[in-house]
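This report looks at empty space and surface character in a single protein chain. The sequence and the structure are shown first, and the description comes after them.

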Amino acid sequence: MIAVSALLITMAVVNIVAFTWTIAMEARPSLAVARTLGATPGQVSAGLSIAQLLPCLPGAAVGVPLGIGVFSALSPGNAVVAPLPWMLVAALATLLVTAALTALPAHLAARRPVVPVLSADTA
């Protein structure tokens, strides 16, 4: 069970980084325009990281009660549900880890020079 959990966590980490990297590559022209209009690289990378957190918020908010319901429905009668504060800490930790994992690809994409991105042929 621990090995399966570790593999799922590893797969989620790789998925978050790859997804953010892909979005950052696709958003290069828009990021370059935002930087041309005065946005700093920090503001652009923060915007990309926050954009990744928006789908994560409802998942964390719905995941805790849904997980309690599934656990209660499928577990034997003597099983004990983890305390609610622990589940809330886990949901907040998931949000923080998502923000941290999306920060690096967003930061690298925001540091690219503006002129080559805007002058690239997009055919």
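The paragraphs below treat the pocket, the cavity and the nonpolar patch in turn.

The model is a predicted one, and the values given here are computed from its atoms.

The largest pocket holds about 320 Å³ of space, and its lining is made up of 14 residues, among which Ala12, Ile16, Cys56, Thr94 and Thr98 lie nearest the centre of the pocket. Three helices, α1, α3 (41–74) and α4, each supply at least two residues of this lining, with α1 giving the largest share, namely six residues. In character, the lining of the largest pocket divides into nine nonpolar and five polar residues, with no charged residue.

When the whole structure is searched for cavities of 30 Å³ or more, one is found. About 60 Å³ of space lies in the largest cavity, which is lined by Arg28, Leu31, Ala32, Arg35, Ala109, Ala110, Arg112, Pro113, Val114 and Val117. The elements that contribute two or more residues to this lining are α2 (28–36), α4 and α5 (114–119), and the largest share, four residues, comes from α2. Seven of the lining residues of the largest cavity are nonpolar and three are charged, while none is polar.

The volumes and the main contributors to the two linings are set out below.

| Space | Volume | Largest share of lining |
|---|---|---|
| Largest pocket | about 320 Å³ | α1, six residues |
| Largest cavity | about 60 Å³ | α2, four residues |

On the surface, Trp21, Met25, Leu104 and Leu108 form a nonpolar patch of about 380 Å², to which α1 (2–26) and α4 (84–110) each supply at least two residues. Which residues of α1 can be described further? Trp21 lies in helix α1, and Met25 is likewise found in helix α1. Trp21 has a relative accessibility of 36% and therefore counts as partly exposed, since that class covers values between the 20% limit for buried and the 50% limit for exposed residues. Met25, with a relative accessible area of 39%, is also partly exposed. Both residues can belong to a patch because their values pass the cut-off of over 30% relative accessible area.

Trp21 also takes part in an approach between distant parts of the chain: the C-alpha atoms of Trp21 and Pro105 are separated by 5.3 Å, although the two residues are 84 residues apart along the chain.

How values were computed
Residues numbered from 1 in each chain as written. Predicted model: local features only at pLDDT ≥ 70, side-chain atom pairs only at ≥ 80, totals over all residues. Heavy atoms only, no water. Patch = residues over 30% accessible without salt bridge, like charges linked within 9 Å, V, L, I, M, F, W, Y side chains within 5 Å. Areas by Shrake-Rupley, 256 points an atom, 1.4 Å probe, with all protein chains shown as cover. Salt bridge = Lys/Arg side-chain N within 4 Å of Asp/Glu carboxyl O. Buried < 20%, exposed > 50% of the residue type's maximum accessible area, 1.4 Å probe, protein only. 1 Å grid on protein atoms, 1.4 Å probe; cavity = no way out; pocket = protein on both sides within 12 Å on 5 of 7 lines; lining within 4 Å. Points joined across faces, edges and corners; volume = space filled by probe spheres on them. Nonpolar A, V, L, I, M, F, W, Y, C, P; charged D, E, K, R; others polar.
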